[in-house]
Amino acid sequence: MKSVRHLIRDDIRAMSAYQIADIPSGFIKLDAMESPSHPFEGHGVLMQELQAQLASAPIHLYPDPAKSGLQEALRAEFDIPDCAAIALGNGSDELIQFVTMLTAKPGAAMLAAEPSFVMYRHNAALYGMDYVGVPLNGDFTLNLPAFLEAVKTRRPALTFIAYPNNPTGVCFARGEVKAVISSSDGIVVVDEAYGAFNGDSFLPQAGRIPNLIVLRTLSKIGFAGLRIGYAAGCPEVIGELQKILPPYNMNQLSLTTTKFALRHYGIISANIGSLKNERARMMAELGGIPQIKAFPSQANFITIRVPDADLLFDTLKQNRILVKKLHGAHPLLEHCLRITVGSAAQNDAVLDVIRRLYR
Ligand SMILES: *Cc1c(COP(=O)(O)O)cnc(C)c1O
């Protein structure tokens, strides 16, 4: 057998694949910040309408995202300023990749907090950027002096700030993020994947600050399977981004579904509201268990520190509940687990296991 392995970049051969959990059916899946149910479950008429629209979507034609009306719908629903340009991505992951490609000149640096979303560092490696990771404080707040020092000395072409942060759930102080944007000569991406669960956003500043890109996704608000993300910023930068995005990166079925979803955003808003209530309830319940430290979350997950992360992870798994084990991923995440906020019943199942373990 001929092998072509030697042709593949050494650094890529040394990587391991992104782990997508393979779980048996019947498991409660709380590892990936998915919504607990289809956003329109229980809305039979809407489901039928959506089915009809999908059935007549022009799947024989290449999509034209610019003319699809989706950008206008996003602008209207999320109050994106007229002066901002928008680029659509097949998930915001794709936009992270292409923004990296945009700035990856030889010797250019990417800056991010650690721990944060793993795809930042991954893309820096893929596109040959020097990655600079600045550790968070122990309570997962931003170490602003260290971060600003890195801005000054490393002069990053690209900085990623997840606002709120993943995998910690903590949202950095707005003033600190503003300080990073204003002190940086490079592009600063404020990644608001969890923006819908947070009381604050940089979207109103999109298009008004030359080096700001605000990144958003529909994945965490009920549409992880659609793969729809968008970047909003000044036309000068977004125009360059549009040049390198694959021309047909969005598909007709996603575009149709997203436009439909935005017309019925009230239902999505209500779903977000329920998850926020569940988050508050979980925080209160977890806060009453002395062995657990629950970090304040503005996202649809809660990161906790326990005496033995492996023990809780395995016990949850034995009870057919999958969460994300963060222990081992970064020194600051010692004995931490990340639990997606699910339905009331799913959350009760989690609390039940936790209470029995720590009683
Ligand atoms: C989930 C997530 C994304 C990626 O979302 P997509 O599904 O690709 O839109 C981006 N950034 C952060 C911080 C995330 O947690």
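**Exercise 1. Disulfides**

Determine how many disulfides this predicted model contains, and explain why Cys 83 forms none.

*Solution.*
Step 1. A disulfide is a covalent bond between the sulfur atoms of two cysteines. The cut-off applied here is a sulfur pair within 2.5 Å.
Step 2. A search through the whole structure returns zero disulfides.
Step 3. For Cys 83, the closest cysteine sulfur belongs to Cys 234 and lies 6.9 Å away; Cys 83 is unbonded because this distance is too far for a bond.
Step 4. Cys 336 is likewise in no disulfide, and its nearest cysteine sulfur, that of Cys 171, is 18 Å away.

**Exercise 2. Exposure of two cysteines**

Classify Cys 83 as buried, partly exposed or exposed, and do the corresponding task for Cys 336.

*Solution.*
Step 1. The class "buried" requires under 20% relative accessible area, and "exposed" requires over 50%.
Step 2. Cys 83 has a relative accessible area of 33%, so this residue is partly exposed.
Step 3. Cys 336 has a relative accessibility of 0% and therefore counts as buried.

**Exercise 3. The ligand and its surroundings**

Establish where the ligand sits, which residues come nearest to it, and which polar side-chain atoms lie within 3.5 Å of its oxygen atoms.

*Solution.*
Step 1. The location of the ligand is the largest pocket.
Step 2. The ligand is surrounded by 13 residues, of which Asp 191, Tyr 194, Thr 217, Ser 219 and Lys 220 come nearest.
Step 3. Sorted by class, this shell comprises four nonpolar, five polar and four charged residues.
Step 4. The side chain of Thr 217 places an N or O atom 2.6 Å from a ligand oxygen atom. For Ser 219, a polar side-chain atom is 2.6 Å from an oxygen atom of the ligand. In the case of Arg 227, a side-chain N or O atom is 2.7 Å from a ligand oxygen atom.
Step 5. The ligand taken alone exposes 390 Å², and the protein buries 94% of that area.

Conventions: Residues are numbered from 1 along each chain as its sequence is written. This is a predicted model: local features need pLDDT of at least 70, side-chain atom pairs count only at pLDDT 80 or more; totals for chains, interfaces and linings use all residues. Side-chain values use heavy atoms; hydrogens and water are left out. Buried means under 20% relative accessible area, exposed over 50%, partly exposed in between (1.4 Å probe, protein chains only). A residue is near a molecule or strand if one of its heavy atoms lies within 4 Å of it. A polar contact is a pair of N or O atoms within 3.5 Å; within protein, one must be able to donate a hydrogen and the other to accept it, and residues adjacent in sequence count only if both atoms are side-chain atoms. Accessible areas come from the Shrake-Rupley method with a 1.4 Å probe; for residues, only the protein chains shown count as cover. On a 1 Å grid over the protein atoms alone, a cavity is a set of points where a 1.4 Å probe fits but cannot get out, and a pocket is an open set with protein on both sides within 12 Å along at least five of seven lines; lining residues have an atom within 4 Å of a point. A molecule sits in a cavity or pocket if more than half of its atoms lie within 2 Å of its grid points. Ala, Val, Leu, Ile, Met, Phe, Trp, Tyr, Cys and Pro count as nonpolar, Asp, Glu, Lys and Arg as charged, and the others, Gly among them, as polar.
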